[in-house]
Amino acid sequence: MPVRRRCLDCRAWAEKGGRCSLHHAQYERGRNAQTNAVRRVRMATGDGAAARMRRAVDKAGHGYCERCGVPWPANALYVDHRLALANGGQDVASNLQLLDGECHRLKTREDRALFGR
C-alpha cells in the first residue's frame with residue numbers, strides 16, 4: 001500500500017504528482033510543467049544547448065573553467081547552467097558555462113544557499 005502524502009501547495013491529500021487534483025491541474029498549466037516537458041524531450045534526444053556544448057568540448061578534448069580560468073581535459077569539466085533550470089533558467093548557450101569539479105561544487109553550494117534547494 002503506497003504512503004499517502006500531503007499536497008505540496010495546500011496540505012490536502014495528494015492524488016497526482018504530489019498535489020491535490022486542484023493544484024495538479026494548475027501546475028500542469030503553469031510554465032514549470034511546460035518547460036520541464038520540453039526539457040525532458042531535449043534530454044532524451046540529446047538536442048539541448050548543454051548537450052551541444054558537451055559534444056563541442058568532447059570534440060576539442062579540453063576547455064577552460066570559466067570560474068578559475070584553469071585549462072582542463074574534457075572529461076574533467078562540467079557543463080553548468082549559470083541560472084539553474086530548476087530556478088527558472090533556460091537551456092540556451094548564453095546560460096551555460098564550463099566548470100571544473102571543485103568550482104562546480106562551490107557554485108552548486110552557493111546556488112542552494114541562495115535559492116534554498
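How far apart, in helical turns, are Arg54 and Asp58 in helix H3? Select the two: being four residues apart in that helix, they are separated by about one helical turn. Their side chains meet in a salt bridge (3.2 Å, N to O); the term stands for a side-chain nitrogen of Lys or Arg within 4 Å of a carboxyl oxygen of Asp or Glu. Helices (H or I, at least four residues) and strands (E, at least two) are DSSP runs, numbered from the N terminus.

Before moving on, a word about the model. It is predicted, so local features need pLDDT of at least 70 and side-chain atom pairs count only at pLDDT 80 or more, while totals for chains, interfaces and linings use all residues. Residues are numbered from 1 along each chain as its sequence is written, and side-chain values use heavy atoms, with hydrogens and water left out.

**Next stop: more salt bridges**

The structure holds seven salt bridges. Pick Arg82 and Glu66, whose closest N and O atoms are 2.6 Å apart. This pair links distant parts of the chain, 16 residues apart: Arg82 sits in the loop between S3 and strand S4 (96-100), and Glu66 in the loop between strand S1 (62-64) and strand S2 (71-73).

Now select Lys107 and Asp80, which form a salt bridge at 3.0 Å, N to O. Lys107 lies in helix H4 and Asp80 in strand S3, so the pair ties together parts that are 27 residues apart in sequence. Both Lys107 and Asp80 are buried (under 20% relative accessible area; exposed is over 50%, partly exposed in between, with a 1.4 Å probe and protein chains only). Add Asp111 to the selection to see a network of salt bridges linking Asp80, Lys107 and Asp111.

**Next stop: the largest pocket**

Keep Asp80 selected and add Arg39, Val79, His81 and Leu85: of the 25 lining residues, these five are the closest to the centre of the largest pocket. A pocket is, on a 1 Å grid over the protein atoms alone, an open set of points where a 1.4 Å probe fits, with protein on both sides within 12 Å along at least five of seven lines; lining residues have an atom within 4 Å of a point. H4 gives the most to this lining, with six residues.

**Last stop: an exposed leucine**

Finish at Leu114, in helix H4 (residues 101-115). Leu114 is exposed, with a relative accessible area of 66%.
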